[in-house]
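Open the model in your viewer and keep the selection tool at hand. The tour goes from the DNA contact surface to the sheet, then to the rings.

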Number of protein chains: 2
Amino acid sequence: MPLPETIDGRFSYEGLDRLIHEKARLSVLTSLVAHPKGLAFPDLRRLCGLTDGNLSRHLAVLQEAEFVDLEKGYDQNRPQTICRLTPKGRTRFLQYLGVLEQVVRDAAKGAGKSAEIARVMTGPFPEPT
Amino acid sequence: MPLPETIDGRFSYEGLDRLIHEKARLSVLTSLVAHPKGLAFPDLRRLCGLTDGNLSRHLAVLQEAEFVDLEKGYDQNRPQTICRLTPKGRTRFLQYLGVLEQVVRDAAKGAGKSAEIARVMTGPFPEPT
DNA sequence: GGCATCTACTTTACGATGCAAAGTTTGAGT
DNA sequence: ACTCAAACTTTGCATCGTAAAGTAGATGCC
């Protein structure tokens, strides 16, 4: 007999769409939601700490999913790609965020010491071992 | 010239350790932090909505990283694996959570409408297209 | 003019990895 | 003895993230 609180799928978080959950794309989408007017490729690259190739690929994936719109033009005779969230991308991202908030709530409740989270997050990160 | 707010790495979220960030393992760790006494393999499988093979593999990864402790014993003459967070796993998970909270804050601030998040998260999820 | 350099991307290639399906082992039921 | 089921583990494939290499055009320098 399962424990009473072990409800099927209680912690499955179906809403964590892989398309969005991936770290690099999460960075990109968060950057874009914070800059509704759009961001140029180089700015986005710097903000997210990504390489050119990386950003290019992730943007292609997000564009394929119609989460972002890429406006390719020229600025000062140089190619310039402006990236923007589409309404669809925005909606999906906000849904995803709702699930993330749920994760944080569940975990904080489980840990029972949200103060500990606040404390621990201010410190430096340990080296991966 | 980059926009003034495009600080290098502002949205790079280095703390999103892949080991933890992966959806299935995030489920597992959240379940475990919510059940400090540990969880049996089948309960964990149900909670996280994972298949046997999936859970087994992710647990092995988490054990390798020393984030979980697997106590393999018997209950009613049947094999029973009890899974628990190690102190190290707990600490790392809480650090990760801090970063997640930062993501949610950044995004909510960017979206400028946290009410919208709350509203949207209560609805059903759209079919992936 | 020619050559190197820089920016702004894109493409390629490979190694990692998530996931499902099949396999194993032990036990209970009939 | 035979079947079914639980509790995992192992295998294999196909996806995917990432680094490195490649492309194209503009600028600077001599």
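A residue is near a strand of DNA if one of its heavy atoms lies within 4 Å of it. Keep in mind that this is a predicted model.

**Stop 1: DNA strand C.** Select DNA strand C and the residues around it. 19 residues surround the strand. The closest are A:Asp52, A:Ser56, A:Lys72, A:Thr81 and B:Arg25. On the DNA side, sugar and phosphate make up 63% of the strand C atoms that come within 4 Å of the protein. Colour the protein side by class: nine residues are polar, seven charged and three nonpolar.

**Stop 2: the polar contacts.** Zoom in on B:Arg25. An N or O atom of the B:Arg25 side chain is 2.7 Å from a phosphate oxygen of DNA strand C. Move to A:Ser56, where a side-chain N or O atom is 2.8 Å from a phosphate oxygen of DNA strand C. Now pick A:Gly53. Here a polar backbone atom is 3.4 Å from a base oxygen of DNA strand C.

**Stop 3: the elements behind the surface.** Show the cartoon. In chain A, select helix 3 (41-48), helix 4 (52-64) and strand 3 (78-85); in chain B, select helix 4 (52-64). Each of these supplies at least two residues of the surface near DNA strand C.

**Stop 4: the sheet of chain A.** Stay on strand 3 of chain A. Strand 2 (residues 68-75) of chain A runs antiparallel to strand 3 and is joined to it by eight bridges. Across this pairing, A:Lys72 stands opposite A:Thr81; both are among the residues closest to DNA strand C. Follow the hairpin of strands 2 and 3, which has two residues between the strands. Its A:Gln76 takes a positive phi near 60°. Next, select strand 1 (residues 39-40) of chain A, also antiparallel to strand 3 and joined to it by two bridges. A:Ala40 faces A:Ile82 of strand 3 as its opposite residue.

**Stop 5: the rings.** Over all chains, the count comes to four aromatic pairs. Why is the pair A:Phe11 and A:Tyr13 edge-to-face? Their planes are at 70°, with ring centres 6.3 Å apart, so the pair falls in that class; the cut-off is over 60 degrees. A:Phe11 and A:Tyr13 are both buried.

Go on to A:Phe93 and A:Tyr96. Their planes are at 15° and their centres 6.4 Å apart, so this pair is stacked. About one helical turn separates them, because they are three residues apart in helix 5 (residues 87-111) of chain A. A:Phe93 and A:Tyr96 are buried.

**Last stop: charge over ring.** Return to A:Phe11. The charged end of A:Arg10 sits over its ring, 4.6 Å from the centre. In chain B, the charged end of B:Arg10 sits over the ring of B:Phe11, 4.6 Å from its centre.

Terms used. Residues numbered from 1 in each chain as written. Chains lettered and ligands numbered in written order. Predicted model: local features only at pLDDT ≥ 70, side-chain atom pairs only at ≥ 80, totals over all residues. Heavy atoms only, no water. Polar contact = N/O pair within 3.5 Å; in protein donor to acceptor, adjacent residues only side chain to side chain. Helix = DSSP H or I, 4+ residues; strand = E, 2+ residues; numbered from the N terminus. Nonpolar A, V, L, I, M, F, W, Y, C, P; charged D, E, K, R; others polar. Phe/Tyr/Trp six-rings, centres within 6.5 Å; stacked < 30°, edge-to-face > 60°. Buried < 20%, exposed > 50% of the residue type's maximum accessible area, 1.4 Å probe, protein only. Lys NZ or Arg CZ within 6 Å of the ring centre and 35° of its normal. Pairing = 2+ DSSP bridges.
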